[in-house]
Amino acid sequence: MAAPDTQRQGEAEFILAHPLFNELLDGQERQAMETAVQAAPDDDNTRRTAMMQVQAIRTLRRQLAEIAKPTKPARKGAVA
């Protein structure tokens with residue numbers, strides 16, 4: 001059974017505001033960026049893998065932020 005939108009919104013806000021969550025993701029993103037920067041010039045696979053990790057972390061944060069956004073109530077008389 002899916003959680004109501006308001007519950008999902010509250011949970012996403014809680015996760016985004018949690019210091020440990022942010023500390024862990026910040027560290028992982030920083031490490032992945034450092035791995036990409038420090039990769040040998042001919043090591044495209046390491047660089048690509050590290051940047052995919054960064055992209056995944058940023059996508060997770062963006063999705064949580066989208067869920068956490070307050071929803072606008074439907075206007076009365078609005079055409080659907």
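## Exercises on a predicted helical model

At 45% relative accessibility, Asp44 counts as partly exposed. The model is predicted. Work through the exercises with the structure open.

### Exercise 1. The Asp44 salt bridge

Task: Find which residue forms a salt bridge with Asp44, and place the pair in the structure.

Solution.
- Step 1. Look for the partner. Asp44 forms a salt bridge with Arg47. The closest N and O atoms are 3.3 Å apart.
- Step 2. Check the cut-off. A salt bridge needs the nitrogen within 4 Å of the carboxyl oxygen. The pair's 3.3 Å therefore qualifies.
- Step 3. Place both residues. Asp44 and Arg47 lie in helix α3. They are three residues apart, about one turn of the helix.
- Step 4. Classify Arg47. Its relative accessible area is 24%, so Arg47 is partly exposed.

### Exercise 2. Salt bridges between helices

Task: Trace the salt bridges of Arg61 and Arg58, and state which residues share one network.

Solution.
- Step 1. Start with the total. The structure holds five salt bridges.
- Step 2. Take Arg61. The side chain of Arg61 meets that of Asp26 in a salt bridge, 2.5 Å from N to O. Arg61 sits in helix α3 and Asp26 in helix α2, 35 residues apart, so the pair links distant parts of the chain.
- Step 3. Classify Asp26. With a relative accessible area of 33%, Asp26 is partly exposed.
- Step 4. Take Arg58. Its salt-bridge partner is Glu29, with 2.7 Å between the closest N and O atoms. This pair also links distant parts of the chain: Arg58 is in helix α3, Glu29 in helix α2, 29 residues apart.
- Step 5. Classify both ends. Arg58 has 40% relative accessibility and counts as partly exposed. Glu29 has a relative accessible area of 13% and is buried, because buried means under 20%.
- Step 6. Join the pieces. Salt bridges that share partners connect Asp26, Glu29, Arg58 and Arg61 into one network.

### Exercise 3. How α2 and α3 pack

Task: Describe how the axes of α2 and α3 are arranged, and sort the residues of their contact.

Solution.
- Step 1. Choose the descriptors. Two packed helices are described by the angle between their axes and the distance between the axes.
- Step 2. Read them off. Helix α2 covers residues 19–38 and helix α3 residues 44–68. Their axes come within 8 Å and cross at roughly 155 degrees.
- Step 3. Name the arrangement. Angles over 145 degrees count as roughly antiparallel. α2 and α3 are therefore roughly antiparallel to each other.
- Step 4. Give the hand. The crossing of α2 and α3 is left-handed.
- Step 5. List the contact. On the α2 side, the residues include Phe21, Leu25, Ala32 and Met33. On the α3 side, they include Ala50, Val54, Ile57 and Leu64.
- Step 6. Sort by type. The residues of the contact of α2 with α3 divide into eleven nonpolar, five polar and five charged.

### Exercise 4. Two residues of α1

Task: Decide whether Gln9 and Asp5 are buried or exposed, then find what Gln9 touches.

Solution.
- Step 1. Locate them. Gln9 lies in helix α1, residues 5–17. Asp5 is found in helix α1.
- Step 2. Classify Gln9. At 15% relative accessibility, Gln9 counts as buried.
- Step 3. Classify Asp5. Its relative accessible area is 57%, so Asp5 is exposed.
- Step 4. Find the contacts of Gln9. Set aside neighbours within four places in sequence; Gln9 then contacts Ile67, Ala68, Lys69, Pro70 and Thr71.
- Step 5. Return to Asp5. The C-alpha atoms of Asp5 and Thr71 are separated by 8.8 Å. Along the chain, Asp5 and Thr71 are 66 residues apart.

Key: Residues are numbered from 1 along each chain as its sequence is written. This is a predicted model: local features need pLDDT of at least 70, side-chain atom pairs count only at pLDDT 80 or more; totals for chains, interfaces and linings use all residues. Side-chain values use heavy atoms; hydrogens and water are left out. Axes are lines fitted to C-alpha atoms, for helices over the stretch in contact, and angles run from 0 to 180 degrees between N-to-C directions. Helices (H or I, at least four residues) and strands (E, at least two) are DSSP runs, numbered from the N terminus. Angles under 35 degrees count as roughly parallel, over 145 as roughly antiparallel, 65 to 115 as roughly perpendicular and the rest as oblique. A crossing is left-handed if the near helix is turned anticlockwise from the far one by less than a right angle, and right-handed if clockwise. Contact means heavy atoms within 4.5 Å. Ala, Val, Leu, Ile, Met, Phe, Trp, Tyr, Cys and Pro count as nonpolar, Asp, Glu, Lys and Arg as charged, and the others, Gly among them, as polar. Buried means under 20% relative accessible area, exposed over 50%, partly exposed in between (1.4 Å probe, protein chains only).
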